[in-house]
Amino acid sequence: MNRVTVFGASYSVYVRIVRLVLEEIGVPYQLAEIDIFAKETLPPDYADRHPFGRIPALEHDGFRLFETDAIAGYIVEQFGNGALLPADARHRARMRQIMRILDNYAYPHLVWGIYVEEMERDCCGRLGAEELARAAKCLTVLSDLAGDDYMAGGRLSLADLWALPMLVYLDLSPAGRTLLQDAPKLSAWLARMRLRPAAVATRFPAEQKAI
Ligand SMILES: N[C@@H](CCC(=O)N[C@@H](CS)C(=O)NCC(=O)O)C(=O)O
């Protein structure tokens with residue numbers, strides 16, 4: 001049980017998703033710091049853990065895995081006892097739909113298109129109308145699909161843990177915060193989610209600094 005190691009960085013969206021799953025289920029783990037953008041600091045064998053050079057990677061009792069969806073599914077099956085999965089087929093389908101929307105549209109448009117552009121590439125206040133429109137569309141679609149209290153169904157699921165890190169980054173940038181203000185259902189959801197002990201325990205360094 002206590003031989004779970006997550007390889008990755010505390011600033012990473014996808015590493016945080018894996019950590020949130022572990023925290024919410026109550027699985028002890030250690031984080032082995034891998035700064036994937038500082039290639040010269042990577043352990044020489046990291047390519048064996050993740051041949052595509054990304055984070056996170058997981059090791060549990062000698063079993064190695066990469067790709068966040070596979071890792072999250074493994075943790076839920078091994079340790080979850082039914083947690084984080086909606087009870088019925090339609091809500092499980094909605095959960096997967098939201099997770100894939102987050103991977104394919106929200107991560108590139110909200111995190112890279114807004115947060116990284118504005119906060120790390122010095123585009124503050126100079127984002128293009130197209131980037132803003134793409135991000136706003138992601139928020140509209142997510143708002144329309146989300147349930148009243150949680151993303152999919154009446155209780156916490158993987159979809160909430162996928163969305164949290166992406167929306168936290170969005171909220172850290174001025175343009176992102178403005179976009180979120182126009183999506184009151186998601187802002188209220190984010191305010192509630194951020195109070196969860198798992199969210200507090202896995203805060204991004206940039207989020208910590210902004211408190
Ligand atoms: N498909 C991968 C995506 C993981 C991913 O994109 N991780 C980012 C950090 S959040 C990364 O490793 N980026 C390094 C790079 O792009 O070189 C997964 O689901 O695990």
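In the predicted model, helix 1, which spans residues 13-25, lies across strand 1 (4-8), strand 2 and strand 3, and runs at about 160 degrees to strand 1. Helix 3, made up of residues 68-79, lies across strand 1, strand 3 and strand 4, with a direction at about 135 degrees to that of strand 4.

The strands that these helices cross belong to an open sheet of four strands, in which the order is 2-1-3-4 and the pairing is mixed. Strand 2 (30-33) and strand 4 (63-66) form the edges of the sheet, each of them pairing on one side only. On average, and with direction ignored, neighbouring strands of the sheet are turned by 20 degrees against each other. Strand 3 (residues 57-60) and strand 4 run antiparallel and are joined by four bridges; within this pairing, L58 has L65 of strand 4 as its bridge partner.

Attention then turns to the open space in the model. The largest pocket holds about 670 Å³ of space, and of the 25 residues that line this pocket, S12, Y14, F37, Y107 and W112 are the closest to its centre. Two or more lining residues are given by each of helix 1, helix 3, helix 4 (89-120) and helix 6 (158-172), and the largest share, seven residues, comes from helix 4. When the lining of the largest pocket is sorted by class, 15 residues are nonpolar, four are polar and six are charged. Both domain 1 (4-79) and domain 2 (89-202) take part in the lining of the largest pocket, with at least three residues drawn from each.

Technical notes: Residues are numbered from 1 along each chain as its sequence is written. This is a predicted model: local features need pLDDT of at least 70, side-chain atom pairs count only at pLDDT 80 or more; totals for chains, interfaces and linings use all residues. Side-chain values use heavy atoms; hydrogens and water are left out. Two strands pair if DSSP finds at least two bridges between them. Axes are lines fitted to C-alpha atoms, for helices over the stretch in contact, and angles run from 0 to 180 degrees between N-to-C directions. Contact means heavy atoms within 4.5 Å. On a 1 Å grid over the protein atoms alone, a cavity is a set of points where a 1.4 Å probe fits but cannot get out, and a pocket is an open set with protein on both sides within 12 Å along at least five of seven lines; lining residues have an atom within 4 Å of a point. Grid points are joined across faces, edges and corners, and a volume is the space filled by probe spheres set on the points. Ala, Val, Leu, Ile, Met, Phe, Trp, Tyr, Cys and Pro count as nonpolar, Asp, Glu, Lys and Arg as charged, and the others, Gly among them, as polar. Domain bounds come from an automatic or database domain assignment.
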